[in-house]
Amino acid sequence: MKNKILQSFTLILFFCSNIHSQSILDSLFNCNIKNASLEEFVAEIESQADVHFFFAMHQHLDCSISVEKYNTPLWEILIAALYSTPYTYCQTSKHNIGIIPKKSKIVELPQYPSTTSKTESKQEDEEDRYLNGRRSDIKETITIGSEKSFARKVTIKGLIKDNETQDPLIGATLYLTESETGVISDTNGNIVLNIAPGKYNAEIRSLGMKTKKCFFTINSGGNFEVGLQHSNQMLQEVTISGEQNYGNRTGNMGEDKLVMKKVKKMPSLTGNVDIVSISKMLPGIVSVSEGTGSLNVRGGGADQNIFYLNNIPIYNTSHAFGFFPAINSTIIDEFSIYKSFIPIHFGGRLSSIFDISTRAGNKKDFRAQGSLGLITTDFTIEGPIVSDKLSFIASGRASYSDWILNKIDEPAIKNSDMSFYDASALLDYKINNNNSVEILAYKSYDDFKNAGVNEYSYSNFGIGATYKHHFGSKLNSELNISHSKYGFDNSDIQFESSSFTQNYGIQHSEARGILNYLYNEKNVFQTGFSSTLLELDRGNLLPYNDKSLYTPLKLGKEKGMENVLFIHDSYKITSQFTLKAGLRFSHFTQFGPKTVYKYKAGTERLNTNIVDSLSFDKNDAVKHYSGPELRLAADYNLSSINSIKLSFSQMRQYMFLLSNTYAATPVDQWKLADYHLKPSKQWQVSAGYYHDLPSWKSSFVIEGYYKKANNIVELKDGADLITTPNLETATLQGDQESYGLELLISKNKGVFTGWTSYTYSRSLIQVDGGAYWNKINSGRQYASNFDRPHVLNAVANLQVSRRINLASNLVYSTGRPITLPMSNYTYFNIEHVDYSDRNAYRVPNYFRMDFSVILEGNLKAQKPLHSKWIFSVYNLTGRKNPYSVYFKNQGGKIQGYQYSIIGVPVFSISWSYKFGNYLTN
Amino acid sequence: MKKFIEKLFIIIIVYLATWACIEPYELPNVSKDFVSSLVIEGNMNNDDTIQTIIVTRTREINGENKSTEAVSACSIEVIDKDGNSFIFDESEKAGTYNSIIPIQYFYPGNTFQLKLISPSGELYESIPEELLEVPEVDSIYFSPIQSGGDETAVQFLVDINGNESQCRNYKWELEETYEYRSKYFAQKKYPASPDATNTGVAFIQYDYYYIDDYGDTIYEHIEKELVIERITPSDSLYYCYKSNPINQILIASTDDLTENQFKGMTLNKVSLSSGKLEHKYSLLVKQFSLTNDAARFLSQMKSNQQDDGMFDGQPITVQGNISNVNNIDERVIGYFGASMVSKKRIFARRYSYNYDPGCTTIELGDRGLDEYAEGASFYNPIYFSSYFNPPYSWLLYPSHCVDCRLKGGQLKKPPYWDDESIIMLE
């Protein structure tokens with residue numbers, strides 16, 4: 001076995017160097033380095049001649065290179081340098097040399113059977129296995145030559161190319177099992193082989209491509225062409241290590257990256273993959289309750305997060321108030337959550353950025369998939385418009401819940417409606433290697449009719465384009481333009497006389513340009529701008545019909561603009577130490593038309609205390625706010641498997657969500673910073689330690705943070721948002737303090753994968769504006785609604801077989817804070833209760849366990865429809881986790897009741913299908 | 001707002017009803033945080049000549065102290081706009097203070113202010129509260145409520161019809177009075193009351209068999225005369241009248257409306273199964289004017305009364321208009337209000353075919369009336385009808401079938417009961 005490995009090794013090297021006999025590999029170089037990283041070694045060689053190396057970013061972690069050679073051919077230096085590493089090299093063009101894992105060439109090749117057996121070789125990675133399993137029952141046969149030749153050996157010429165781009169593949173290998181011979185393609189993707197006629201099992205491999213297995217029937221000499229598919233591992237891109245993982249914490253501090261095809265195996269409430277609820281399984285992210293679409297990241301309010309879907313801001317990411325996700329998971333490729341060191345081009349929210357990226361449609365074939373659940377159905381179609389250049393993907397989802405409601409024989413319910421849909425479409429145009437354009441449109445809509453009480457609908461609409469351009473190899477740019485609109489219509493029809501209807505809308509238009517300059521391997525600059533126009537129409541309160549006496553009330557519009565310039569540098573000082581520093585400068589202006597009221601000094605901001613007013617015309621600047629945001633991070637690699645990171649981040653937020661309920665709701669209104677309400681500011685320090693355990697295929701992360709925000713907005717007790725034109729009369733501003741420690745252990749590979757996280761954190765708010773009317777809770781600090789000190793999450797996934805996958809979630813957390821009745825008294829002959837300090841007590845602790853089973857259809861390659869069943873149980877133990885507690889007076893005793901939103905195991909079933917059999921996202 | 005969102009959520013709740021659940025919750029011990037606060041209730045109005053102010057303290061929730069803790073020995077005065085002072089004296093009921101403010105001081109534009117000195121000497125003052133003109137109570141009517149295809153209740157409603165000079169915030173206080181009836185006339189009673197004058201004799205005879213210790217069947221014939229009381233008239237325990245205040249916070253505002261008008265403010269709901277509407281039901285509606293601040297206080301109080309749902313808001317620390325002059329941070333609960341009042345009474349009647357006052361008669365077979373009366377004190381005294389089938393069978397009524405007073409009402413007819421000028425809703 002060992003012999004074979006070495007044999008293959010030399011074979012490859014031979015072909016690499018032999019084909020390019022006069023290549024750079026024979027040029028003479030000097031090299032004298034000790035314990036250097038791969039990058040340093042490469043930099044040393046590159047400095048001496050026009051030669052470029054390519055390798056995956058993660059590789060450098062594993063290398064320690066020592067070479068002392070002078071006037072030596074490059075190939076000899078490379079052999080010496082890489083001898084003790086898990087890598088080898090391969091020349092891919094005249095001046096380009098790839099550093100590739102030895103494993104892919106050496107370890108696995110000899111495992112292939114030496115007979116023409118059709119059994120599949122066992123592969124470790126489950127994703128590959130899933131793929132191969134359904135592809136290779138019947139191997140493609142490539143027949144060369146028409147007549148049987150009686151020559152002892154014939155010459156065949158082949159072209160190996162990229163199926164998608166049709167580019168020739170350089171350095172691809174063809175290995176024939178029976179003859180144990182291999183050959184490597186040249187710079188034009190050509191291979192030449194002298195071989196006896198006959199039948200062969202062939203294996204064609206290339207870096208970044210999926211391995212292709214086929215039969216060769218060689219009758220006589222001739223030509224053939226073979227196309228390879230892209231694999232998920234694109235070398236020369238940096239996202240490599242995240243691909244096989246659920247999540248990845250090796251990037252920036254406080255960044256979680258989730259890959260859709262992994263997390264979609266997790267159990268869910270309604271059988272729909274929901275990135276919001278998946279996020280809640282990560283450390284530092286909680287919510288007030290299940291069934292709300294809002295998240296709280298590291299102790300921040302629900303309005304301190306923004307969701308970008310390919311750079312389009314989505315203001316409401318859920319249907320039915322939070323029970324269903326509003327973005328179809330089939331179009332999502334991956335999503336990243338930034339919560340401490342936030343990339344410099346993002347800002348505008350204090351706590352986090354959710355960066356969701358869609359995938360592009362297939363550029364070669366048309367594909368369609370969909371699913372049917374108990375409440376919703378969805379469908380996705382994709383394909384090329386211009387083959388290899390322009391593709392589309394479109395998806396839609398709709399509910400059929402109305403008929404369930406109509407089945408219930410109760411007039412109030414029968415006449416009620418609940419329906420929703422969402423749709424998205426993406427065009428991806430690869431103009432050439434240096435230019436690409438992507439256009440996405442998104443829409444979601446929810447409609448509710450609560451017979452005789454109210455009617456309600458809300459919708460998102462967004463459209464955005466991204467243009468990417470490379471100015472040579474060192475400079476590249478990206479331009480995003482997006483427009484997003486969120487709005488709701490809301491009618492209260494309970495009393496005819498006072499019935500009203502309201503329409504509310506917020507429009508967010510954003511342009512962002514980013515320039516990345518790769519000064520050298522160590523130093524990467526980024527600069528850019530962003531400009532956001534926010535137009536908020538609080539709408540008009542209008543009589544619902546002609547019987548209503550409601551006074552039309554114009555709640556007014558708001559307009560603001562946030563302009564940002566930013567610059568960032570990532571500088572690798574030594575192989576171990578990287579420093580990142582960025583500065584954002586943001587400027588916010590509130591524009592007229594606006595009438596600003598001034599209140600009598602030293603009094604509560606109430607309509608009755610107005611003493612003066614200022615009038616601003618259209619587009620007059622009412623108020624300016626501006627300030628810098630500093631982002632600093634330091635990464636120190638202690639060794640190839642562990643590192644320390646530190647970061648400091650400042651954030652500014654110029655808009656707030658006003659909510660007087662525990663959990664954010666779709667009727668909550670956004671409000672811009674204005675004459676009275678100042679923008680929120682925050683700083684955060686965090687530190688983390690990261691440790692990989694390669695032998696366990698696991699990693700361990702511990703991160704701690706402390707952050708402090710001021711000017712966060714809280715509503716006064718009992719404030720009515722809907723009918724208050726001057727919102728400064730309903731709001732107060734205060735400080736928010738949060739800190740926490742997050743531990744995460746994840747196992748990313750193997751049959752069993754998953755993670756466990758524990759978080760200790762606090763989130764505290766203080767509103768103390770001096771006078772009693774400017775205080776909440778008498779000015780004392782109180783726990784926020786989402787302050788959950790202890791949170792333990794576990795996600796486990798077991799691939800039992802190719803067709804059966806089991807997954808389970810486990811959540812334990814401290815109960816949410818509540819305000820309890822402290823005393824009672826009689827007033828109007830009714831018993832009333834008076835309350836404790838705000839959020840001074842807690843509901844009982846939260847525990848939940850979910851379970852799901854995925855059953856795949858059979859693995860045959862050629863079939864018209866592949867389907868799978870997903871069965872899941874949410875809250876398996878049926879624990880009645882209290883969401884809220886309320887009190888009733890029963891015979892003089894105040895009896896508490898706890899209300900659980902989901903107090904039983906919820907079973908759901910969905911059936912997913914796709915036309916054809918291929919790997920989907 | 002809160003209510004609105006709650007309603008909004010109903011649809012989801014219904015839809016996901018099987019997922020949600022409600023269970024009793026054990027209130028943790030909160031005594032360490034308990035601080036007793038002063039509670040002052042008072043609303044000066046022209047409905048009564050006697051004005052009342054009630055001073056109590058909050059008590060620990062579910063603590064030892066179950067009853068209202070009255071605060072005695074306060075000195076209270078109420079001062080109007082022109083400085084006229086009205087001293088309140090503590091009544092027989094501890095913590096309840098009364099005074100008479102003559103009717104001429106109740107005119108729109110006048111204000112009342114509370115000054116209260118507690119037993120410990122602290123001075124509390126309210127913000128002066130203005131009297132606003134209140135419109136006459138407009139139409140009162142009801143609409144049937146159906147459930148599962150059957151009418152189960154009626155909802156009483158009131159309209160507001162005010163003009164520009166009148167108040168825009170309203171509060172209603174309700175008092176219901178209804179006639180109800182026993183199921184049966186009581187005609188005879190046994191044993192007769194000691195002071196009964198109209199008595200008679202019931203002749204009873206029956207046959208009696210039993211098996212003795214030796215297994216022989218013994219036969220006896222019994223004949224008896226019992227003294228019974230004749231009740232005249234036979235419906236004297238048949239008609240009762242009962243009044244209840246309806247303790248609900250009922251408020252509405254026309255502040256957001258173009259006119260000082262409102263159609264269909266919901267008052268109380270009366271279920272048909274209660275039997276209150278079966279014969280005659282009367283609702284007295286008192287309409288109070290409120291200032292904006294008073295309306296805000298009441299809506300906060302009302303909001304805290306409501307059950308919570310998923311999108312529930314923070315409980316509100318209700319903010320009244322009374323404070324300790326020397327310690328503004330001391331929590332004082334209560335709003336010293338002043339209102340003009342208009343009132344209106346209506347009658348209503350709604351037959352329910354399903355209503356049954358609940359009464360089981362007993363047919364007494366071969367046992368003696370006297371024996372029965374002695375053996376079952378539950379039926380003592382025993383009422384029975386003129387319908388019986390002597391000598392072998394008596395139709396007996398439990399007392400609650402004939403004596404309507406046992407359900408809490410009184411026999412005396414309210415003076416307005418037969419007033420034909422009062423509107424009858426049917």
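A salt bridge is taken here as a side-chain nitrogen of Lys or Arg within 4 Å of a carboxyl oxygen of Asp or Glu. The views below are of a predicted model.

**View 1. Salt bridge between A:Lys363 and A:Asp428**. The side chains meet at 2.4 Å, N to O. A:Lys363 lies in the loop between strand E22 (352–358) and strand E23 (367–372) of chain A, and A:Asp428 lies in strand E26 (residues 417–432) of chain A, so the pair ties together parts that are 65 residues apart in sequence. With 9% relative accessibility, A:Lys363 counts as buried. A:Asp428 is also buried, at a relative accessible area of 12%.

**View 2. Salt bridge between A:Arg584 and A:Glu629**. The distance from N to O is 3.6 Å. A:Arg584 belongs to strand E35 of chain A and A:Glu629 to strand E38 (residues 621–637) of chain A, so this pair ties together parts that are 45 residues apart in sequence. Relative accessibility is 2% for A:Arg584, which counts as buried. For A:Glu629 the value is 0%, and this residue counts as buried.

**View 3. A salt-bridge network in chain A**. The network links A:Arg298, A:Lys339, A:Glu703 and A:Glu742. Over all chains, the rule gives a count of 35 salt bridges.

**View 4. Salt bridge across the interface, A:Asp834 to B:Arg331**. The two side chains meet at 2.7 Å, N to O. A:Asp834 is in strand E51 (residues 830–835) of chain A, and B:Arg331 is in the loop between strand E21 (322–324) and strand E22 (332–333) of chain B, so the pair joins two chains. A:Asp834 is buried, with 5% relative accessible area. The rule finds two salt bridges across the interface of chain B and chain A.

**View 5. The side of chain B that touches chain A**. Nine residue pairs are in polar contact across the interface, both residues of each pair being at pLDDT 80 or more. Elements of chain B that give two or more residues to this side include helix H1 (2–15), strand E2 (38–45), strand E18 (239–253), strand E19 (261–271) and helix H2 (292–305). H1(B) gives the most, with twelve residues. By class, this side of chain B has 40 nonpolar, 22 polar and 18 charged residues. In total, 80 residues of chain B are in contact with 92 residues of chain A. The area buried between the two chains is about 7700 Å², and carbon and sulfur atoms give 62% of that area.

**View 6. Strand pairing between the chains**. Strand E50 (residues 821–827) of chain A pairs with E4(B) in the antiparallel sense, over two bridges. Opposite B:Arg59 in E4(B) stands A:Asn824.

**View 7. Strand E14 (residues 255–259) of chain A**. Five of the five residues in E14(A) are buried. A:Glu255, A:Lys257 and A:Val259 point one way from the strand, while A:Asp256 and A:Leu258 point the other way. E14(A) runs antiparallel to strand E21 (residues 332–338) of chain A, to which five bridges join it. The bridge partner of A:Asp256 in E21(A) is A:Ile337. In chain A as a whole, buried residues make up 58% of the 921 residues.

**View 8. Surroundings of A:Met281**. A:Met281 lies in the loop between helix H7 (275–279) and strand E15 (285–286) of chain A. With a relative accessibility of 2%, A:Met281 counts as buried. Not counting residues up to four places away in sequence, A:Met281 touches nine-membered surroundings that include A:Met266, A:Trp755, A:Ser757, A:Asn793 and A:Leu810. The C-alpha atoms of A:Met281 and A:Val795 are separated by 7.5 Å, although the residues are 514 apart along the chain.

**View 9. Backbone geometry in three loops**. Most residues other than glycine have a negative phi, and most peptide bonds are trans. The peptide bond from A:Gly592 to A:Pro593 is cis, with omega near 5°. A:Pro593 is in the loop between strand E35 (577–591) and strand E36 (594–599) of chain A. A:Lys697 has a positive phi, near 55°. This residue is in the loop between strand E42 (680–693) and strand E43 (698–715) of chain A, and at 33% relative accessibility A:Lys697 counts as partly exposed. Phi of B:Ala73 is also positive, near 60°. B:Ala73 is found in the loop between strand E5 (69–70) and strand E6 (75–80) of chain B, and at 53% relative accessibility B:Ala73 counts as exposed.

How values were computed. Residues are numbered from 1 along each chain as its sequence is written. Chains are lettered from A and ligands numbered from 1 in the order in which they are written. This is a predicted model: local features need pLDDT of at least 70, side-chain atom pairs count only at pLDDT 80 or more; totals for chains, interfaces and linings use all residues. Side-chain values use heavy atoms; hydrogens and water are left out. Contact means heavy atoms within 4.5 Å. Buried area is the accessible area (1.4 Å probe) that two parts lose on being put together, summed over both. A polar contact is a pair of N or O atoms within 3.5 Å; within protein, one must be able to donate a hydrogen and the other to accept it, and residues adjacent in sequence count only if both atoms are side-chain atoms. Helices (H or I, at least four residues) and strands (E, at least two) are DSSP runs, numbered from the N terminus. Ala, Val, Leu, Ile, Met, Phe, Trp, Tyr, Cys and Pro count as nonpolar, Asp, Glu, Lys and Arg as charged, and the others, Gly among them, as polar. Two strands pair if DSSP finds at least two bridges between them. Buried means under 20% relative accessible area, exposed over 50%, partly exposed in between (1.4 Å probe, protein chains only).
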